[in-house]
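Student: I've got a model open and I'd like to learn how to read it. Can we take it feature by feature?

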Amino acid sequence: MPFSSPPGSLWPKLRARSQQALASEALQPISTYPEWVEQDGFTFLVRVVENLQRKDQVQKKRLAHDPTFNPFLPYEPAMFVADISPTHLVLLNKFKVMDHHFLIVTREFVAQETWLTAQDFAALAWALAEVDGLGFYNSDAIAGASQRHKHLQVVPKPLAPGGPSIPLEPVIAAAIAAHESQAQLPFSHGLSGLPPPAVGTDADQNQDVLSLDAFSQELYARYGQLMQRLNLGHPETDDRSLGSYNLLVTRQWMMVVPRSQEGYTGLSINALGFAGALLVRNRDQLQQLQQQRIAHILATVTTGNLP
């Protein structure tokens with residue numbers, strides 16, 4: 001697949017565009033502070049929002065003006081970072097919680113509920129080769145998607161200082177090292193290790209890494225396998241997925257989490273929750289998490305049907 005941006009170009013573009021958008025106030029970060037929570041043998045990162053009022057006001061105003069508002073078509077020019085391919089581009093997340101959080105968006109409207117395609121995974125593979133981070137996808141509203149226009153998301157590692165690079169990754173890495181298809185996690189999921197992609201000049205120096213095309217093909221194949229294992233259908237045989245789900249991907253592993261509900265007693269959970277990273281609106285919700293146990297909440301919002 002032809003890529004529109006040269007290798008090694010995404011990170012400097014992300015930094016430059018973020019600085020410009022912050023200076024012009026086009027980028028409107030949500031201020032939070034991190035809390036590391038140790039529960040039931042797991043380490044969780046909980047970000048407590050200091051003020052969501054600005055985002056809520058903007059969204060209400062947009063929806064009141066146009067209930068079908070699509071922020072990606074047309075996209076705000078100040079949010080544009082880079083072209084990836086004829087089918088995908090990179091935008092900043094306007095209301096970011098973490099620095100350099102970016103979106104991989106289809107150029108034309110495609111519904112979020114449709115299958116991820118080989119082209120989607122080619123764009124994601126390019127982004128992960130450019131930025132060592134966590135890629136994720138919320139398949140629909142039940143899985144935490146807030147926009148109907150198809151988009152994947154990437155947050156660079158570490159997700160916060162002071163703890164694991166990705167909160168639940170030590171548990172996931174232990175399962176990958178043991179060649180297990182599931183980790184010792186408190187929620188239903190399917191897991192697969194990945195051969196690493198070529199990064200920078202690795203393709204010329206290391207035969208143990210995959211070319212970008214091979215890595216994207218591997219991602220697409222593992223996606224189909226995990227979806228089928230979880231009884232969610234297969235992109236080559238079913239018209240659409242047979243349930244809601246979250247997808248999480250790094251250079252080393254892929255995980256699919258089947259979903260049964262969007263949240264729990266007022267707490268919204270998207271894909272990042274299954275990496276061990278949650279967002280709460282205030283300290284009352286933080287206390288709620290601590291009392292109700294995060295592991296229990298994550299288990300409750302998944303289907304509970306282990307393969």
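Student: Let's start with Ile142: how exposed is it?

Tutor: The cut-offs come first: buried is under 20% relative accessible area, exposed is over 50%, and partly exposed is in between. This is a predicted model, by the way. Ile142 has a relative accessible area of 36%, so it is partly exposed. Look for Ile142 in the loop between β6 and β7 (151–156).

Student: Which residues does Ile142 touch, leaving out those up to four places away in sequence?

Tutor: Ser244, Arg259, Ser260, Gln261 and Glu262. Take Glu262: it sits 120 residues from Ile142 along the chain, yet their C-alpha atoms are separated by 4.3 Å.

Student: Leu73 caught my eye too. Where is Leu73 found?

Tutor: Leu73 is in the loop between α2 (53–65) and β3 (80–83). Its relative accessibility is 40%, so Leu73 counts as partly exposed as well. Setting aside residues up to four places away in sequence, Leu73 touches Arg107, Phe109 and His149. The C-alpha atoms of Leu73 and His149 are 8.4 Å apart, with the two positions 76 residues apart along the chain.

Student: How do I read the peptide bond that joins Leu73 and Pro74?

Tutor: Check omega. For Leu73 and Pro74 omega is about 0°, and the bond is cis. Pro74 belongs to the loop between α2 and β3. There's a cis bond from Lys157 to Pro158 too, with omega near -5°. You'll find Pro158 in the loop between β7 and α4.

Student: Now a strand. How many residues of β5 are buried?

Tutor: With a strand, ask which way each side chain points and what covers it. In β5 (residues 102–106), five of its five residues are buried. Phe102, Ile104 and Thr106 point one way, while Leu103 and Val105 point the other way.

Student: And which strands pair with β5?

Tutor: β4 (residues 88–92) runs antiparallel to β5, joined by five bridges. In that pairing, Leu89 has Val105 as its bridge partner. β7 also pairs with β5 in the antiparallel sense, over four bridges. There, Ile104 stands opposite Leu152.

Student: How about a helix? Which residues of α7 are buried?

Tutor: The general idea is that an α-helix has 3.6 residues a turn, so residues three or four places apart point the same way. In α7, the buried residues are Gln285, Leu286, Gln288 and Leu289. Viewed down the axis of α7, they fall within an arc of 155°, so they line one face of the helix. Asp284 and Gln291 are exposed on the other side of α7.

Student: What covers the buried residues of α7?

Tutor: The cover includes β1 (32–39), β2, β11 (263–264), β12 (267–268), β13 and α8.

Student: And what happens at the ends of α7?

Tutor: At the N-terminal end, Asn282 is the cap: one of its side-chain oxygens lies 3.1 Å from the backbone nitrogen of Asp284. After α7 comes Arg293, with a positive phi near 75°.

Student: Where else should I look at phi?

Tutor: Try residues other than glycine with a positive value. Glu25 has phi near 65°. Glu25 is in the loop between α1 (10–24) and β1, and its relative accessible area of 63% makes it exposed. Thr265 is another, with phi of about 45°. That residue lies in the loop between β11 and β12, and Thr265 is partly exposed at 49%.

Student: Last one, the interior. Which residues touch the most other members of the largest nonpolar core?

Tutor: In a core, look for the residues with many neighbours inside it. This core has 40 residues, and Leu134, Leu248, Met255 and Phe274 touch the most other members. Among the elements that give two or more residues to this core are β6 (133–138), β10 (253–259) and α7 (283–292). β2 gives the largest share, five residues.

Student: What does Phe274 touch, not counting residues up to four places away in sequence?

Tutor: Its contacts include Leu168, Phe187, Leu248, Met255, Ile269 and Leu298. A second, separate core has 39 residues, including Leu27, Val90, Ala125 and Tyr223.

Note on methods: Residues numbered from 1 in each chain as written. Predicted model: local features only at pLDDT ≥ 70, side-chain atom pairs only at ≥ 80, totals over all residues. Heavy atoms only, no water. Core = buried A, V, L, I, M, F, W, Y, C linked by side-chain atoms within 4.5 Å. Buried < 20%, exposed > 50% of the residue type's maximum accessible area, 1.4 Å probe, protein only. Contact = heavy atoms within 4.5 Å. Pairing = 2+ DSSP bridges. Arc of directions from axis to C-beta. Polar contact = N/O pair within 3.5 Å; in protein donor to acceptor, adjacent residues only side chain to side chain.
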